[in-house]
Amino acid sequence: IHVSTYTRGELPPFDGPDYEYHVLTDLTNLSLLATSLKQGINYFFRISATNALGSSLYMMPQPPVIKPMPKPPSSPSEVNLVVKDGKTIAVQINMDNVDDILGADTYRIDYSTEMFANEKQRIS
């Protein structure tokens, strides 16, 4: 293995107890969702192609290391309001986008008879 960069204090990639791999066989969907990773731990990735004649050299993505950290969820991509009767409005959150589903534990729905002002929050 050729190491092009050295990160002080980190174990070299691919020779520890957390070594995992996945073989992509559906060449129309060249993506992988690496799940159940440990938060705050560096992960290294490398990719090679294989056929009946052998394997290519590994390609290291840039950046070569990434650390999964918790992130706040994104806003839903689509929300619809439907009048049910004279006293009822249904709020429908569409979950077509995988980013809408990942990261959210709950959704808060505020409603008022007054228009909401855009809030700018500051942490001091």
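**Loop, strands and surface**

Proline 61, with a relative accessible area of 23%, counts as partly exposed, since that value falls between the 20% under which a residue is called buried and the 50% over which a residue is called exposed. The structure in which this proline is found is a predicted model, and every value that follows was computed from its atoms. The place of proline 61 in the chain is the loop between S3 and S4, and in space the C-alpha atom of proline 61 is 8.8 Å from that of phenylalanine 44, although 17 residues separate the two in sequence.

The same loop can be followed to its other residues. Methionine 60 also lies in the loop between S3 and S4, and with 27% relative accessibility methionine 60 is again classed as partly exposed. Its C-alpha atom is separated by 8.4 Å from the C-alpha atom of phenylalanine 44, which is 16 residues away along the chain. Further on, proline 63 belongs to the loop that runs between strand S3 (54–55) and strand S4 (65–66), and the peptide bond that joins glutamine 62 to proline 63 is cis, with omega at about 0 degrees. Most peptide bonds are trans, and most residues other than glycine have a negative phi. The second half of that general statement bears on serine 36, a residue other than glycine whose phi is positive, near 60 degrees. Serine 36 is found in the segment before strand S1 (43–44), and its relative accessibility of 76% makes serine 36 an exposed residue.

Seen as a whole, the protein chain contains 1 helix and 6 strands, and their order along the sequence follows the pattern β-β-β-β-β-β-α. Of the 124 residues in the protein chain, 3% are buried, where buried means under 20% relative accessible area.

How do S5 and S6 run with respect to each other, parallel or antiparallel? The two strands run antiparallel and are joined by 7 bridges, and the connection from S5 to S6 is a hairpin that passes through 2 residues. Individual partners can be picked out on this ladder: asparagine 80 has glutamine 92 of S6 as its bridge partner, while aspartate 85 stands opposite threonine 88, which is also in S6.

These two strands return when the surface is considered. Which residues make the nonpolar surface patch? The patch, of about 780 Å², is built from Val79, Leu81, Val83, Ile89, Val91, Ile109 and Tyr111. Strand S5 (78–85) and strand S6 (88–94) each contribute at least two residues to the nonpolar patch, and S5 gives the most, with 3 residues. In a regular strand the side chains alternate between the two faces of the sheet. On the S6 side, isoleucine 89 is a residue of this strand and also a member of the patch; at 56% relative accessibility, isoleucine 89 is counted as exposed, because the cut-off for that class is over 50%.

Contacts that involve charge can be taken next. Side chains of opposite charge can pair when their charged atoms come close. A search of the whole structure returns 1 salt bridge, and it is formed between arginine 108 and aspartate 110, whose closest N and O atoms are 2.7 Å apart. This distance can be set against the rule, which asks for a side-chain nitrogen of Lys or Arg within 4 Å of a carboxyl oxygen of Asp or Glu. The two partners fall into separate accessibility classes: arginine 108, at 72% relative accessibility, is exposed, whereas aspartate 110, with a relative accessible area of 43%, is partly exposed.

A charged side chain also takes part in a contact with a ring, since arginine 46 lies over the face of tyrosine 58, at 3.9 Å from the ring centre, a distance to be read against the limit of 6 Å that applies to such a contact. For pairs between aromatic rings, by contrast, the count comes to 0, the rule there being that ring centres lie within 6.5 Å.

Methods
Residues are numbered from 1 along each chain as its sequence is written. This is a predicted model: local features need pLDDT of at least 70, side-chain atom pairs count only at pLDDT 80 or more; totals for chains, interfaces and linings use all residues. Side-chain values use heavy atoms; hydrogens and water are left out. Buried means under 20% relative accessible area, exposed over 50%, partly exposed in between (1.4 Å probe, protein chains only). Helices (H or I, at least four residues) and strands (E, at least two) are DSSP runs, numbered from the N terminus. Patches are made of residues with over 30% relative accessible area and no salt bridge: like charges are joined within 9 Å, nonpolar side chains (Val, Leu, Ile, Met, Phe, Trp, Tyr) within 5 Å. Accessible areas come from the Shrake-Rupley method with a 1.4 Å probe; for residues, only the protein chains shown count as cover. Two strands pair if DSSP finds at least two bridges between them. Rings of Phe, Tyr and Trp (its six-membered ring) pair if their centres lie within 6.5 Å; planes under 30 degrees apart count as stacked, over 60 as edge-to-face and the rest as tilted. A charge sits over a ring if NZ of Lys or CZ of Arg is within 6 Å of the ring centre and within 35 degrees of the ring normal.
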